[in-house]
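Let's take a look inside a protein, at its empty space and its aromatic rings. Have the structure open as you read.

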Amino acid sequence: MLIAKAEIFLTEIPYKNPYQTATNITPKGRHIVLKLTTDTGLVGWGESGIISRRYPAQGDTPETMLAVLESYLCPAIIGKDPCAFEVIMSQLDTLIKGHLFAKCAIDHALLDLAGKVHNIPVCNLLGGAYNLSYTVSRSLPFASAREVTERAVELQALGYNRLTLKGSGVLEDDYACFKAVRHALGDHFELEVDPNCAYDVPTAIQFIKRIEQYGVFAVEQPTPGHDIAGLAEVKRNVATTIIADESLFTPRDLKDIISLNAAHAICLKPFKSGGILASRRLCAAAEVADLQVSTGSMHPFGIGTAALHHFVATLNNVATTGYGCPAERFADDIVDESGYSFCDGRVTLAIDKPGLGVEVNEDKLLTYSSRCKVVEHSMHR
């Protein structure tokens, strides 16, 4: 069984409400959806996406992902056995450096196909699940303290037991918001803060010290992603758990985080690190270095969400899982059957279907897609 065709879609679905962080306001998800078809007619699905064009370090956009997949990555996998997914992903890293977001779509689709070939779910393909049911946290986009507090109270009532407050980069505003939410939710509710790189080092230290008196579970990436030494300085000067997110894309990044003792934990997102396989390697290295692991998402649609939950299920002792389902964010989805359920802040992953367990509504996929490219020829022909 060999891969015969790749179809690449640029798919756009509106958010229910524009998602605002310190660096961007995002009105819709603009993701890449990948459909791989074998010479026997078996289909595998993949997805990748970027919340913001200003996302640090990598510089990818949906348009660059589409171009790289069409011109380089997909032609290289035509004629390959999808069950050789580890070898294929390694070969793609040799073929073209970087472009981790684009490679993630292939990672997901290969694993979906391989699971279907062996008639097992992706989490079992990867060695099995530690947990098939777990609670998730949720990030609240930046808004006024009143609006964020009202939404936080609603989510607490729905069953969430941990929330992440996005920062604005304005210390007084972020402090007032955190203080208001803490007062509303009580002393024992777990609160994280994620400024998305908005602070310089002295301001980050000042802000974290001010909120520590009210109890904060963790602070994620308070300073610019490229400045791992700056993140280490923040960590040295506060008592709070510091999570590296925008500082971590590649194994080299993780090596620097470890050598500089720059964080207590890392945030893994398959989209940003090249897929599930690459993320699992980062997780293994982090565990050796006694770093905690949390997972984020980049707000995937249904395909990417199923992949995320299969990934999370294979991890032991995850500190935080940061996404439940697309309905938390988006007005619609392209998946009719998701392979997981989500209710009251808890995900339950089903393993009764092979691969990712998703059934894609291809009519919706076409409706929401602004571009589609088809690749049927190998670059070696």
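## A tilted pair of rings

Start with tyrosine 199: its relative accessibility is 2%, so it counts as buried. Keep in mind that what you're looking at is a predicted model. Phenylalanine 207 also has a relative accessibility of 2%, so this residue counts as buried too.

How many aromatic pairs are there in the model? The count comes to six. Tyrosine 199 and phenylalanine 207 make up one pair: their ring centres are 5.3 Å apart and their planes meet at 35 degrees, so the pair is called tilted. The label follows because planes under 30 degrees apart would count as stacked and planes over 60 as edge-to-face, with the rest being tilted.

## An edge-to-face pair

Now for phenylalanine 301 and phenylalanine 330. Their ring centres lie 5.0 Å apart with the planes at 75 degrees, so this pair is edge-to-face. Where do these two rings sit in the chain? Phenylalanine 301 is in the loop between strand S11 (292–295) and helix H12 (302–313), while phenylalanine 330 is in the loop between H12 and strand S12 (335–337), so the pair ties together parts that are 29 residues apart in sequence.

Are these two buried or exposed? Phenylalanine 301 has 0% relative accessibility, so it counts as buried. Phenylalanine 330 is buried as well, with a relative accessible area of 2%. There's also a cluster here: ring pairs link Phe301 and Phe330 with Tyr15 and Tyr19.

## Charges over rings

Some rings have a charged residue sitting over them. Arginine 210 lies over the face of tyrosine 175, at 4.0 Å from the ring centre. Over the face of phenylalanine 249 you'll find lysine 272, at 5.5 Å from the ring centre.

## A space inside

Next up is empty space. Rolling a probe the size of a water molecule over the atoms shows where such space is left. The structure has one cavity of 30 Å³ or more. The largest cavity holds about 40 Å³ of space.

Which residues line the largest cavity? They are Leu165, Lys166, Gly167, Asp174, Cys177, Phe178, Val193 and Phe207. Strand S6 (162–166) and helix H6 (171–185) are the elements that give two or more residues to this lining, and H6 gives the most, with three. Sorted by class, the lining has five nonpolar residues, one polar and two charged. You've already met one of the lining residues, Phe207, in the tilted pair with tyrosine 199.

Definitions and conventions. Residues numbered from 1 in each chain as written. Predicted model: local features only at pLDDT ≥ 70, side-chain atom pairs only at ≥ 80, totals over all residues. Heavy atoms only, no water. 1 Å grid on protein atoms, 1.4 Å probe; cavity = no way out; pocket = protein on both sides within 12 Å on 5 of 7 lines; lining within 4 Å. Points joined across faces, edges and corners; volume = space filled by probe spheres on them. Helix = DSSP H or I, 4+ residues; strand = E, 2+ residues; numbered from the N terminus. Nonpolar A, V, L, I, M, F, W, Y, C, P; charged D, E, K, R; others polar. Phe/Tyr/Trp six-rings, centres within 6.5 Å; stacked < 30°, edge-to-face > 60°. Buried < 20%, exposed > 50% of the residue type's maximum accessible area, 1.4 Å probe, protein only. Lys NZ or Arg CZ within 6 Å of the ring centre and 35° of its normal.
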